[in-house]
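Work through the exercises below with the sequence and the structure at hand, trying each task before reading its solution.

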Amino acid sequence: AAPAFRFRADCEHARSQANRYWAKAVDCHSRGELDKAVAQFMQAARLDGTRADILLHLGTALQDAGDLDDAASCYRRVLALDADNHGALYNLGYIYEEQRRFADAIKCFDDALRVAPKDSDAAINVGNCYMQMDDVGKAIATYEQVVRDDDDCAIGHYNLGSALHARRDLEAAAGHFARTIALEPTYADAHFNLGIVHQELGQLAEALKCYDAAAKLDEKLADAANAADFIRKNFDDGALAGGAPARTED
């Protein structure tokens, strides 16, 4: 009986120590001290390697520190303990996407969606993977499902607009960029992309308004200011009103 009792006591002591390291690590992570956080999480994991939450936090700290391979290993260890751990599935999918392992990423995001069907971020990332695989059709279908499920999902409309633009469905793309702006009026990239679509449709006055709005919202968005300057320099008032050809020099 004595050896068993000492073993149980040792386990309880290890768990207590693991909790102390875990608490310190969470505090370090919250303050952006990633190296310290990783070290503390590792100590906690060594003391209690069956804690999926500790391993998940360790993986997140490693991922934030840019150590994607070790972070992925942590998430796989979490999933060995808890196959339906949503955080591990999503984060591992994100790492695979970063590593351009798109098929693996899609599987992880699909599994995350199985666990949490309303996770629009996971669904959007599936669409993003398809876009990077040059499968625009599947990307559009994925984004369309996102906005059907949640018409207030601004990034869903934005990405759908971008995919439709890639397919040259300009009117539909404009509609989704406009919906993005209605949901997030300060979304500079949405204003800029809507400006591009308007310009491609010959709607120069509308394009100019969009470019000006984008440049005002984001001073670092030089392309928007340059596009606005181009229109002002090359099109007269009549062209802006009716989409006429550019001015020509005598």
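The exercises that follow concern a predicted model, and they take up its confidence, a helix pair and one residue.

**Exercise 1.** Find where the pLDDT is under 50 or below 50, and state what contacts the model has there.

*Solution.* Begin with the whole protein, which averages a pLDDT of 91, with 90% of the residues scoring at least 70. Next, go to residues 1-9, where pLDDT stays under 50 and the model has zero contacts beyond four places in sequence. Then turn to residues 243-250, where the pLDDT is below 50 but the model has 15 contacts beyond near neighbours in sequence.

**Exercise 2.** Determine how helices H10 and H11 are oriented to each other, and which residues make their contact.

*Solution.* Helix H10 spans residues 170-183 and helix H11 spans residues 188-200; they pack at an angle of about 155°, with their axes 9 Å apart. Angles over 145 degrees count as roughly antiparallel, and H10 and H11 are therefore roughly antiparallel to each other. The crossing in which H10 passes H11 is left-handed. On the H10 side the contact includes Leu-170, Phe-177 and Ile-181, while on the H11 side His-191, Leu-194 and Glu-200 are among the residues involved. Sorted by class, this contact of H10 with H11 has nine nonpolar, three polar and one charged residues.

**Exercise 3.** Decide whether His-191 is buried or exposed, and list what His-191 touches.

*Solution.* First, place His-191 in helix H11. Its relative accessibility is 11%, and because buried means under 20%, His-191 counts as buried. Finally, leaving aside residues up to four places away in sequence, His-191 touches Ile-181, Pro-185, Cys-210, Ala-213, Ala-214 and Leu-217.

Definitions and conventions
Residues numbered from 1 in each chain as written. Predicted model: local features only at pLDDT ≥ 70, side-chain atom pairs only at ≥ 80, totals over all residues. Heavy atoms only, no water. Axes fitted to C-alpha atoms, helices over the stretch in contact; angles between N-to-C directions. Helix = DSSP H or I, 4+ residues; strand = E, 2+ residues; numbered from the N terminus. Parallel < 35°, antiparallel > 145°, perpendicular 65-115°, else oblique. Left-handed = near helix turned anticlockwise from the far one by under 90°. Contact = heavy atoms within 4.5 Å. Nonpolar A, V, L, I, M, F, W, Y, C, P; charged D, E, K, R; others polar. pLDDT = per-residue confidence, 0-100. Buried < 20%, exposed > 50% of the residue type's maximum accessible area, 1.4 Å probe, protein only.
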